Amino acid sequence: MSLLPHQLELLSPARDADIGIEAINHGADAVYIGGPAFGARASAGNDIRDIERLVKHAHRFNSRIFITLNTILRDDELEAARQMAWQVYEAGADALIIQDMGLLEIDLPPIQLHASTQTDIRTPEKARFLQDAGLSQIVLARELTVQQIAAVHKALGPVDAPGRANIEFFIHGALCVAYSGQCNISHAQTGRSANRGDCSQACRLPYQVTDAQGRIIAHDKHVLSMKDNNQSDNLRTLIDVGVRSFKIEGRYKDMGYVKNITAHYRLLLDEILARRPELARASSGECHISFTPNPDKTFHRGSTDYFATGRKGDIGAFDSPKFVGLPLGVVSRVHAHSFELVCQDPLSNGDGLNFMKKRDVIGVQANTVQHLGADADGERWKITPNDPAVLAQLKPGMQMHRNRDHAWEQALSKKSADRRVGVWLTLSDDADGLALTLTDEDGLSVTRHAPLALEPARDGERALASLREQLAKLGNSMFVARDITLRLRQPWFAPASLLNALRRDAVAELQALRVAQWPRPPRKTPVEPPAAYPETSLSYLANVYNHLARQFYTRHGVSLIDAAYEAHEEAGEVSLMITKHCLRFSFNLCPKQAKGVKGVMGQVRADPMVLKNGNETYTLKFECRPCEMHVMGKMKKHIFQSPPPVSLPAVAPVTFHPRRPD
């Protein structure tokens with residue numbers, strides 16, 4: 001079933017089927033997960049049988065499963081990608097998330113297609129084109145402001161128009177500093193392509209930044225490392241500007257992260273839905289969370305809403321790309337085998353602590369903790385670390401953080417949520433016995449009959465109470481009783497064993513019916529004649545890596561098409577990364593910040609800078625009109641001369657032409 005204009009979808013990540021199942025249990029309306037291959041996460045593939053298992057669980061709750069097929073593909077991989085698309089479709093998946101437009105030129109199954117963040121959707125024109133080309137859901141660039149999202153929403157047309165695409169937006173998780181799909185540093189330096197799911201994460205390394213005169217702006221700082229995305233405070237605004245699918249990043253993240261962050265946003269969205277009756281959640285059932293979600297308890301590099309509410313100076317995690325956690329307390333004493341900490345929060349054996357030593361984060365695992373009592377400064381704890389050598393680096397007055405709350409993680413490792421679909425039960429009688437009808441909150445209904453020689457009950461009141469009690473025992477099923485109606489001519493005696501069997505059979509039938517009758521969203525038909533692409537030429541940044549992608553863009557009016565960077569045709573210095581993050585702005589060196597400067601119509605010019613890590617040197621070029629920074633560099637010679645990356649044995653070379661052949 002497609003997302004309706006008034007429905008809000010919480011979209012959670014899953015590294016594997018077990019995590020996906022828990023995402024559903026904790027409130028996800030949809031889950032995105034990698035299939036066996038081509039999923040833009042090199043080590044996050046999943047077997048078809050696991051996809052089937054996840055799909056079956058999700059469809060019980062009317063939740064959807066999206067499969068990532070979002071790498072760029074060589075010609076010799078297109079057939080394998082086509083076969084995989086059919087496999088996941090036959091396994092019951094609801095949509096494919098794609099980047100490579102060549103997929104729209106092959107025999108795909110009738111499955112809904114979503115535009116990956118790798119398609120770099122920044123403009124209303126690009127969004128409208130992808131909608132007209134047959135994409136049903138589009139995830140916008142993380143860098144967009146709410147005003148820009150509103151402009152995209154308007155460009156897509158009336159919300160109830162047939163074929164209108166849904167707007168998806170990242171609300172939480174790690175931020176790629178580059179516009180997604182616009183980063184080639186990894187491939188240029190290591191041969192590992194981010195567009196093919198194998199990013200080396202050069203953005204998390206420490207760098208030195210110097211200006212045009214060689215003056216050091218930053219030394220040994222992680223200047224390309226962003227804080228993590230957190231849009232908790234912007235959900236209402238995002239709804240109002242047209243976002244309908246709220247996406248959590250994290251297909252590499254563990255079970256605890258997915259449980260915690262999914263539950264956090266489930267509660268926030270449910271609170272909004274309770275106040276906005278014109279809106280509804282996109283799946284069925286209610287979630288009962290047995291812990292208190294807290295985004296600060298799981299891995300993050302600090303929080304930012306990025307550019308959603310405008311450019312800010314505190315979006316970077318420049319000191320460390322690691323998870324520092326929350327401030328905990330202050331070291332008060334250091335002993336030969338332990339140290340004392342003054343803090344407000346309770347500690348547990350196994351807690352993970354850390355402190356900053358110059359620019360390094362030093363980890364301390366608490367082997368044992370002992371509460372010493374309280375004084376005027378707070379609660380005092382004695383901590384014996386696993387590694388006593390760390391004690392030499394501690395001094396009284398040092399600030400200590402906690403990045404692993406062992407007791408909290410233990411609670412998450414157990415069952416931590418219960419999701420149930422409301423059901424109404426009606427027990428009736430006829431000449432042959434009893435019939436039980438179950439009707440769920442989505443209007444699906446089943447009736448099971450139990451033959452029984454009816455005998456009047458000796459105690460009518462007690463018999464009716466017993467019938468209600470037995471029918472309400474839905475136990476570990478996915479249902480919860482909303483109401484029980486007894487439509488009986490008179491109170492009858494019915495053995496508990498018969499009622500239990502009748503109820504179990506009806507529950508099993510209704511559960512199977514929910515899965516069997518799930519209406520998968522249909523593939524959208526592209527508009528005819530084919531919509532014109534917003535540009536008539538494409539550079540290597542369009543990531544065209546096969547002849548069918550070229551064919552797609554040619555059919556949509558593009559006349560000049562360069563090959564993807566991975567094709568090894570760009571030998572010189574090019575933009576290896578394009579980012580909205582600007583180091584001049586971060587270090588108060590932006591020309592626009594100068595007094596009296598208005599606009600960027602010629603009088604604003606920002607000189608280049610140099611970015612250096614070890615032997616790797618890049619030029620930073622600043623484009624002030626669009627407010628972007630380009631990291632300029634060239635591919636290493638040995639990588640340029642090596643064969644382009646491939647996942648399958650090559651069967652034919654890929655030939656690109658600067659212009660369409662005659």
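The following conversation explains how several terms apply to this predicted model.

Guide: This is a predicted model, in which local features need pLDDT of at least 70 and side-chain atom pairs count only at pLDDT 80 or more, while totals for chains, interfaces and linings use all residues. Residues are numbered from 1 along each chain as its sequence is written, and side-chain values use heavy atoms, with hydrogens and water left out.

Visitor: Why is Q137 called buried?

Guide: Buried means under 20% relative accessible area, exposed means over 50%, and partly exposed lies in between, with a 1.4 Å probe and protein chains only. Q137 has 0% relative accessibility, so it counts as buried. Q137 lies in strand β6; helices (H or I, at least four residues) and strands (E, at least two) are DSSP runs, numbered from the N terminus.

Visitor: What makes the pairing of Q137 and E168 a polar contact?

Guide: A polar contact is a pair of N or O atoms within 3.5 Å; within protein, one must be able to donate a hydrogen and the other to accept it, and residues adjacent in sequence count only if both atoms are side-chain atoms. The side chains of Q137 and E168 are joined at 2.8 Å, and the side chain of Q137 also makes a polar contact with that of S245, at 3.3 Å. Both values therefore meet the limit of 3.5 Å.

Visitor: Which residues does Q137 touch?

Guide: Contact means heavy atoms within 4.5 Å. Leaving aside residues up to four places away in sequence, the residues that Q137 touches include L3, R64, F66, L113 and N166.

Visitor: Which residues of helix α4 are buried, and what covers them?

Guide: Helix α4 spans residues 124-132, and its buried residues are K126, A127, F129, L130, Q131 and D132. The cover includes β5 (112-115), β6 (137-139), α5 (146-155) and α12 (547-555). After α4 comes G134, with a positive phi near 115°.

Visitor: What makes N62 and C627 noteworthy in their phi values?

Guide: Most residues other than glycine have a negative phi, and most peptide bonds are trans. N62 is not a glycine, yet has a positive phi of about 60°; the phi of C627, also not a glycine, is likewise positive and about 60°. N62 is in the loop between α2 (48-60) and β3 (64-69), whereas C627 is in the loop between β31 (616-623) and β32 (628-633).

Visitor: How do you know whether N62 and C627 are buried or partly exposed?

Guide: N62 has a relative accessible area of 13%, so it is buried. C627 has 23% relative accessibility and therefore counts as partly exposed.

Visitor: Where is there a cis peptide bond?

Guide: A cis peptide bond joins E528 and P529, with omega about -5°. P529 belongs to the loop between α11 (496-516) and β27 (537-538).

Visitor: What makes an empty space a cavity, and how many cavities are counted?

Guide: On a 1 Å grid over the protein atoms alone, a cavity is a set of points where a 1.4 Å probe fits but cannot get out, and a pocket is an open set with protein on both sides within 12 Å along at least five of seven lines; lining residues have an atom within 4 Å of a point. Grid points are joined across faces, edges and corners, and a volume is the space filled by probe spheres set on the points. The count is 3 cavities of 30 Å³ or more, and the largest has a volume of about 90 Å³. Of the 14 residues lining the largest cavity, C582, C590, F622, C624 and C627 are the closest to its centre.

Visitor: What is the volume of the second largest pocket, and which residues are closest to its centre?

Guide: The second largest pocket holds about 640 Å³ of space. Among its 33 lining residues, the closest to the centre are D120, K126, Q182, Y533 and E535. Elements α4, β27, α12 and β32 each supply at least two residues of this lining.

Visitor: How do you know that C582 is in no disulfide?

Guide: A disulfide is a pair of cysteine sulfur atoms within 2.5 Å, and the count by this rule is 0. For C582, the nearest cysteine sulfur is that of C590, 5.8 Å away. That value is outside the limit of 2.5 Å, and therefore C582 is in no disulfide. C582 is buried, because its relative accessible area is 11%.
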